[in-house]
Amino acid sequence: MGRVALTIDGQKIQTWQGATILETALDNKIYIPHLCYHPDLKPAGSCRVCMVKLGNGQLAVSCRTPVQEGMVVETKSPEIDGVRRPIIEMIIANHHMDCRNCLKKGQCELQRIMASMKIDKQKIRQNMRLPVTGVPVDETNPFFIRDHNKCILCGICVRTCQEIAKVHAIDFAGRGNTAKIAAFGDKAIAGSKCVSCGECVIRCPVGALALRNPKKPLQHVKSVCPYCGVGCGIHLGTRENEIVQVEADTASPVNSGRLCVKGRFGTGFVHSPDRLQEPLIQQGRGKGKDITHESPRFRETSWDEALEFVAKKLKKYKGEEFALIASTQCTNEDNYIAQKFARVVMGSNHIDTSARLSYSPNIAAFRRTGKCVGFDSPELSAGFPDLAKQRTDQIEQAAGILIAGADITRSHPVLGLRIKEAIENSAKLLVISPNETELCSYAEKWLKPYPGTELALIMGMCYLLVEEELFDDAFTRMYCSNFDEFREALGDFSLGRVERITGVPRDLIEEAARIYAASKPAAIFWGSGITQYAHGTDNVHALTNLAILTANITHPLALCPLSEQSNTLGACDMGCLPDYYPCYQPVGSSEIREKFESLWECRLNPDPGLALTEIIDATLAGKIKALYIIGSDPASMIAPPGKVQAALKKAEFIVFQDLFMNETARYAQVILPAASFAEKEGTLINTEGKVQRIERALEPLGNSRPDWAILCSLAEKLESKGFAFENADDILSDVVSVIQQFPEKIGSFKLFPLQYTAPAETTDMDYPLVLTAEGDLYGGGVLSEKTEGLRVLRPENHIYINPKDADDFEIADGETVRIVSRHGSLDTDVRLARTTPVGLAVMNQEGAKINQLLNPALDAISRTPEMKMCAVRLEKIKKRSRARKSSGEVFVSKE
């Protein structure tokens, strides 16, 4: 792009060809008043305030006029003032000018223009007619307010919602004096389709949209959002050891300056009064409010006493009697130390995380196929081929995108934005989902298989690629040694049979397969709707087969499994798996074990450990007697909950380490307070494999400590070597030294011949509906639950069914029903939704509740439980059950 020379107000300037006059002036510290312009948006030129005079005497809108070689521009003159001043005066006359009490005082563009043009607002109020009554302020959103009385109708919020958030929640409504910005049906903002991302709020030039209780930060610290696996870059604005503002990191390639509601407003949990602040030791149990449960009693103690007590107890349970459950929300450094503690100090490979519940089929399938799993970092990925790198900043380059088993705009909102941008850039979208999601309306083809039949559908697409020779023959012959075997197995997936199994018309399968084959490169994204089945690993194999057949596997975007929490992939990479050391080195290999024994200077247990659900079974059987649980709630997140709670009750000793009390903490003998993400430094690995650093922004609350520091202190108490780390960087150096010993080498891929297996849960006359659970935008486990605003915005718990099914069960909209499965029951309210397919029931409740209905079978390969669906029936009940859930209350004594 060439350079252009021009003159603005007598100042000679050089800028890039294609820049506008306004952009050039602002870049060179020349202020031109403007109201509807924002650098993140396409210029509208609607306010007419940014008028300038060109050398030929013409007036031009500077935000829409590109610079030209030799151009002469004048930004101030009586003529320009004659155009600009009446516009501003009319706005002021219709604007509530309570500047002292305005939430945007000091940040208001209208104030700046008034000062620049020396406009007297009192004189205007005397000479012009003011509005008699004001419009009520919309305060329904817990994070920001909307005041129409201060709106200048610049349209920035409307364009932001359209161009950046891509939600289209608001638009211009009315005419003349009645014109305003409104949601559909003029609803309050909290009752509209607004997703509360705050993008419009931070761009509003006046006080019409303003954050509640704003405080000016004294410093900003770079960090990463602690919620989903996208890993959006953020800056934490702090003041007096408090987070008072969160801004998006505009330099981050992951989110490019954008955030969802949780990223921008979801850090309230850091300052929750429910945070654990002191070590606690159980004194006994006393009666709580719920007469059916005994509530534990704890006393506060010092770190020294707590660690001495834990060390004394753990000495009794070394080896196979000990298990550790690590956290997918802890840093890489925390998780590396956790698995090292379990293996080196306690001599046990019984270590796992909640990644087992949805992500493990991806690890299992990739390791068996030849697809590399690893990190994208110059420091950490030495020896890892580019094949391992999945980059969301390349999504816009995709010609085709396939989404399977994921509601991305809810679960990973910023990634959803990037997919929408790719579609705007002509990418073709295919969606495989039994239930309608937002992105279905953007899709070229929406395939609606019966829940649990996705494998047959995907393999049917593979069948067509081979049958019509749409696959890359040269690539498969060169890099796949078993193509002929795979071709023969595809005979089980003729399109007629696939249509009978899935309910998807064969012509739709054909069209979708041809679109995918013609799209180069093509990306595949998938979530728990693919992996949370007893055949979840085979589902991932089927998607991988698609990518291999078309040679898309060679592109970084080829296969993109979605991790639900901030460091799911990192926890696996660091070795928090029962059968893999860090860097996915197999525990069962004597050669590998000897290398780690040399690196860690110890003897290691040669036997692979138990997976998460197997740890629960072994604890219930009395084989595992001591549990160390970090940042997890097995009592709520694993089905069936009754079995899990019985296992926890049977354990002889439990250490619980987290930010908050939860249901699992009720069974612990010792509770240790952990520092939050904002109170420690370290690294995370997002869903694309990108390593990102978080810096400490706050001092730890109370006496809480980083998870790695707690474990290192405990290792010292247990007289174990290799844990003398001073900070997270020391641990990272240890991680790098391990990784460099095991570079990945990928030479070929393996196509997997598969057979269709029906889900473990099937419908029948007694249980005719398939129930699935879907997350919501404002949920995120305990972190969102402890953030008041997110809790307020969360929708009420309902079950959604098709009106036809409601007629069959003689159920009315809003009626309370009992959901009955083969394993349990649950009461909730019904909502009728024509978008929900017949035969399907969708819950928006947390997993802890739907788990009451499950007794899941395990995936034989990944040992992941089938928790995505179950067969149910609905029963009418006269009124909502009043049975109370355990309060989870604990008593803490400071004596």
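# Close-up views of a predicted model

**Figure 1. Surroundings of Ile 408 in the largest nonpolar core.** Beyond four places in sequence, Ile 408 is in contact with Ile 403, Pro 413, Leu 415, Gly 416, Ile 419, Leu 439, Phe 525 and Leu 562. The model shown here and in the following views is predicted. Ile 408 is one of the residues that touch the most other members of the largest nonpolar core, which comprises 97 residues. The others in that group are Ile 88, Leu 110, Ile 401, Ile 403, Ile 419 and Phe 525. Helix α12, spanning residues 413–424, gives the most to this core, with 5 residues. A second core, separate from this one, has 64 residues, including Tyr 359, Cys 583, Tyr 584 and Ile 630.

**Figure 2. Arg 356 in the loop that precedes helix α10.** The loop that holds Arg 356 runs between β16 (351–352) and α10 (360–369). Arg 356 has a relative accessibility of 4% and therefore counts as buried. Outside the residues up to four places away in sequence, Arg 356 touches Leu 577 and Pro 578, Ala 611 and Leu 612, and the run Ser 862, Arg 863, Thr 864 and Pro 865.

**Figure 3. Helix α10 and the elements that cover it.** Of the 10 residues of α10, 8 are buried, and the helix is thus mostly covered. These buried residues are Ser 360, Pro 361, Asn 362, Ile 363, Ala 364, Ala 365, Phe 366 and Thr 369. Their packing partners are two strands, β20 (522–526) and β21 (559–561), together with the helices α18 (528–531), α19 (536–549) and α20 (568–573).

**Figure 4. The open sheet β10-β11-β12.** In this sheet, 3 strands are arranged in the order β10-β11-β12, with antiparallel pairing. The edges are formed by β10 (219–224) and β12 (243–248), each of which pairs on one side only. On average, neighbouring strands of the sheet are turned by 30° against each other, direction ignored. The antiparallel pairing of β10 with strand β11, residues 233–238, extends over 6 bridges. Within this pairing, Ser 223 has Ile 234 of β11 as its bridge partner. In a regular strand, side chains alternate between the two faces of the sheet.

**Figure 5. The hairpin of β27 and β28.** Strand β27 (residues 682–685) runs antiparallel to strand β28 (residues 691–694), and 4 bridges join the two. Ile 685 has Val 691 of β28 as its bridge partner. The hairpin has 5 residues between the strands, and Gly 689 takes a positive phi near 90°.

**Figure 6. The barrel of six strands.** The closed barrel consists of 6 strands in the order β29-β33-β30-β32-β31-β34, with mixed pairing. From one strand to the next, the twist averages 45°. The pairing between strand β29 (residues 769–773) and strand β33 (residues 840–843) is parallel and comprises 4 bridges. Ala 773 is matched with Met 843 of β33 as its bridge partner.

**Figure 7. Cysteines outside disulfides.** The structure holds 0 disulfides. For Cys 36, the nearest cysteine sulfur belongs to Cys 47 and is 3.6 Å away; a disulfide requires cysteine sulfur atoms within 2.5 Å, so this distance does not qualify. Cys 36 counts as buried, at 1% relative accessibility. Cys 440 is likewise in no disulfide, and the nearest cysteine sulfur, that of Cys 560, is 19 Å away. Cys 440 is buried, with a relative accessible area of 9%.

**Figure 8. Glu 305 in helix α8.** Glu 305 is located in helix α8, which covers residues 303–314. The relative accessible area of Glu 305 is 33%, and this residue is therefore partly exposed. Neighbours within four places in sequence aside, Glu 305 is in contact with Ile 281 and Arg 299. Between Glu 305 and Leu 280 the C-alpha to C-alpha distance is 9.9 Å, with a separation of 25 residues in sequence.

**Figure 9. Confidence along the chain.** The average pLDDT of the protein is 91, and 92% of the residues score at least 70. Over residues 377–392, pLDDT stays under 50, and the model has 50 contacts beyond four places in sequence for this stretch. Residues 880–888 also keep a pLDDT under 50, with 14 contacts beyond four places in sequence.

Technical notes:
Residues are numbered from 1 along each chain as its sequence is written. This is a predicted model: local features need pLDDT of at least 70, side-chain atom pairs count only at pLDDT 80 or more; totals for chains, interfaces and linings use all residues. Side-chain values use heavy atoms; hydrogens and water are left out. pLDDT is the predictor's confidence in each residue, from 0 to 100. Contact means heavy atoms within 4.5 Å. Buried means under 20% relative accessible area, exposed over 50%, partly exposed in between (1.4 Å probe, protein chains only). A nonpolar core is a set of buried Ala, Val, Leu, Ile, Met, Phe, Trp, Tyr and Cys residues joined through side-chain atoms within 4.5 Å. Two strands pair if DSSP finds at least two bridges between them. Axes are lines fitted to C-alpha atoms, for helices over the stretch in contact, and angles run from 0 to 180 degrees between N-to-C directions.
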